[in-house]
Amino acid sequence: MSSFPSRANFRDRRHYVLAVGSELVAPALRIVARRLSRGAPTDPQTWRRALIVGHGHIGDVLCQTVSLDSLARGLPECRFDYLTTPLAAEVLVGNPAITHILPWNSDSRPNAITADNVLKLRALSYDAILCTNVVRHQEALRLAFELRIPNRVAFVHRGLSGLVTLPVHLAAPTTPAAQSRLMAEAITGQRDMSETRPRVFPSANDVAHADAEWVRLGLKTGDFVVICSATTRQRIGNVPREFFESVLASVQQIAPHAKIVLTGSGDDAPVLNAMATALGNGVVVSAGNLSLLGFAALLSRCNVHFCMDSGPRHLANAVGTPVVFTRNLAVRASEAGAYCPTEIDVMPEASYLRPDQIAVMLSTLDRPEIAATIVRYARPVSSR
């Protein structure tokens with residue numbers, strides 16, 4: 001029998017009890033899993049086609065790109081397809097480690113794809129499936145049985161080990177980037193000592209659009225540019241607009257020559273325009289004018305990125321722009337913290353806070369000190 005899940009891996013007792021129950025019946029689950037599979041598990045070096053079941057969030061998919069190169073190197077005969085949402089699929093375009101990007105998932109229903117697309121996947125006869133989600137791995141495993149995939153890779157610290165043929169053991173909570181690297185190492189058997197940095201591949205067209213946006217915003221080579229992403233699609237742990245406004249106002253006092261660019265989607269434009277009006281001269285708005293890879297190219301031209309823990313944070317990490325970010329205090333600190341040498345987390349050590357607790361915590365922070373960190377952490381103009 002496999003070792004039981006630790007209570008520390010669960011926020012509530014109900015999910016912990018379910019996980020323990022799944023381990024009690026693990027032998028029976030292995031029998032059922034074998035009957036639902038196309039064949040017996042095989043050595044990873046024999047795999048010729050594998051399906052990576054990704055997350056719906058841009059940031060999680062970007063963290064997964066940390067390990068894609070090592071997977072391709074470790075299994076050179078295997079082709080990897082990536083299943084994710086249409087929006088997150090954009091950041092994978094051009095990645096040489098991925099054969100096909102499958103934008104068939106839904107943000108509202110993770111790993112829920114249409115019956116037609118299930119049939120298309122089944123026809124590809126995948127040798128293996130990589131269930132990258134450490135929280136909702138049961139949904140990817142369910143898809144694996146729909147496709148009758150014989151090799152199933154997943155993290156097992158939250159139970160269901162009886163359904164997994166290549167278990168990945170997570171000894172302690174860690175960042176999504178480190179999780180993806182751990183899975184790749186378990187598959188290939190090779191240590192990866194490279195920097196945990198996401199990888200993106202903006203095209204010449206993406207760069208041209210970013211250059212045009214730079215000109216439209218009135219920015220020039222040599223400007224000290226602080227780019228800020230103050231909005232997010234996340235539902236919990238968000239930092240209010242007032243916090244970003246007050247920190248950026250302090251940035252203006254410390255570095256009056258700074259150009260501040262407020263960025264977001266087209267839907268964010270009213271909020272960003274209101275922030276720009278409140279902050280006054282030297283503040284411009286770029287809302288919904290670029291693709292994600294075009295936005296990455298724009299980030300690469302800036303001195304520093306001030307943002308929430310969201311997709312833009314990871315895009316800036318990918319292009320090497322220094323990041324000063326507000327960690328999501330509603331989740332575990334060890335999972336949402338810094339993972340790149342070019343980023344810094346300005347939040348205090350805290351986890352699983354409610355909105356009212358987050359508001360109290362934010363009220364205690366020294367906004368001018370955070371502004372000073374932003375200015376100090378920015379890379380020199382000459383490095384662009």
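**Close-up 1. Residue A274 in helix α10 of the predicted model**. In this predicted model, A274 is found in helix α10, which covers residues 269–279. With a relative accessibility of 28%, A274 counts as partly exposed. Eleven residues separate A274 from V285 in the sequence, and in space the two residues are 10.0 Å apart, taken from C-alpha to C-alpha.

**Close-up 2. Helix α12, largely enclosed by the rest of the structure**. Helix α12 is formed by residues 311–319, and because eight of its nine residues are buried, the helix is largely enclosed by the rest of the structure. The buried residues of α12 are G311, P312, R313, H314, L315, A316, N317 and A318. After α12 comes G320, a residue whose phi is positive, with a value near 85 degrees.

**Close-up 3. The packing of helix α3 with helix α7**. Two packed helices are described by the angle between their axes and by the distance between those axes. Helix α3, made of residues 58–74, packs with helix α7, made of residues 176–188, at an angle of about 20 degrees, and the two axes lie 8 Å apart. Since angles under 35 degrees count as roughly parallel, α3 is therefore roughly parallel to α7. The crossing in which α3 passes α7 is right-handed. On the side of α3, the contact is made by D60, C63, Q64, V66, S67, S70, L71 and G74, while α7 contributes P176, A177, S180, R181, A184, I187 and T188. When the residues of this contact of α3 with α7 are divided by character, seven are nonpolar, six are polar and two are charged.

**Close-up 4. The cysteines C63 and C340, without a disulfide**. A disulfide is a covalent bond between the sulfur atoms of two cysteines. The structure holds zero disulfides, and C63, accordingly, is in no disulfide, the nearest cysteine sulfur being that of C340, 8.3 Å away. Why is the sulfur of C340 in no bond with the closest cysteine sulfur, in C63? The sulfur of C340 is 8.3 Å from that of C63, which is too far for a bond, because a disulfide is counted here when the two cysteine sulfur atoms are within 2.5 Å. C63 counts as buried, with a relative accessibility of 1%, and C340 is also buried, with a relative accessible area of 6%. C63 is, in addition, one of the α3 residues that make the contact with α7, so that this view can be read together with the preceding one.

Conventions: Residues are numbered from 1 along each chain as its sequence is written. This is a predicted model: local features need pLDDT of at least 70, side-chain atom pairs count only at pLDDT 80 or more; totals for chains, interfaces and linings use all residues. Side-chain values use heavy atoms; hydrogens and water are left out. Buried means under 20% relative accessible area, exposed over 50%, partly exposed in between (1.4 Å probe, protein chains only). Axes are lines fitted to C-alpha atoms, for helices over the stretch in contact, and angles run from 0 to 180 degrees between N-to-C directions. Helices (H or I, at least four residues) and strands (E, at least two) are DSSP runs, numbered from the N terminus. Angles under 35 degrees count as roughly parallel, over 145 as roughly antiparallel, 65 to 115 as roughly perpendicular and the rest as oblique. A crossing is left-handed if the near helix is turned anticlockwise from the far one by less than a right angle, and right-handed if clockwise. Contact means heavy atoms within 4.5 Å. Ala, Val, Leu, Ile, Met, Phe, Trp, Tyr, Cys and Pro count as nonpolar, Asp, Glu, Lys and Arg as charged, and the others, Gly among them, as polar.
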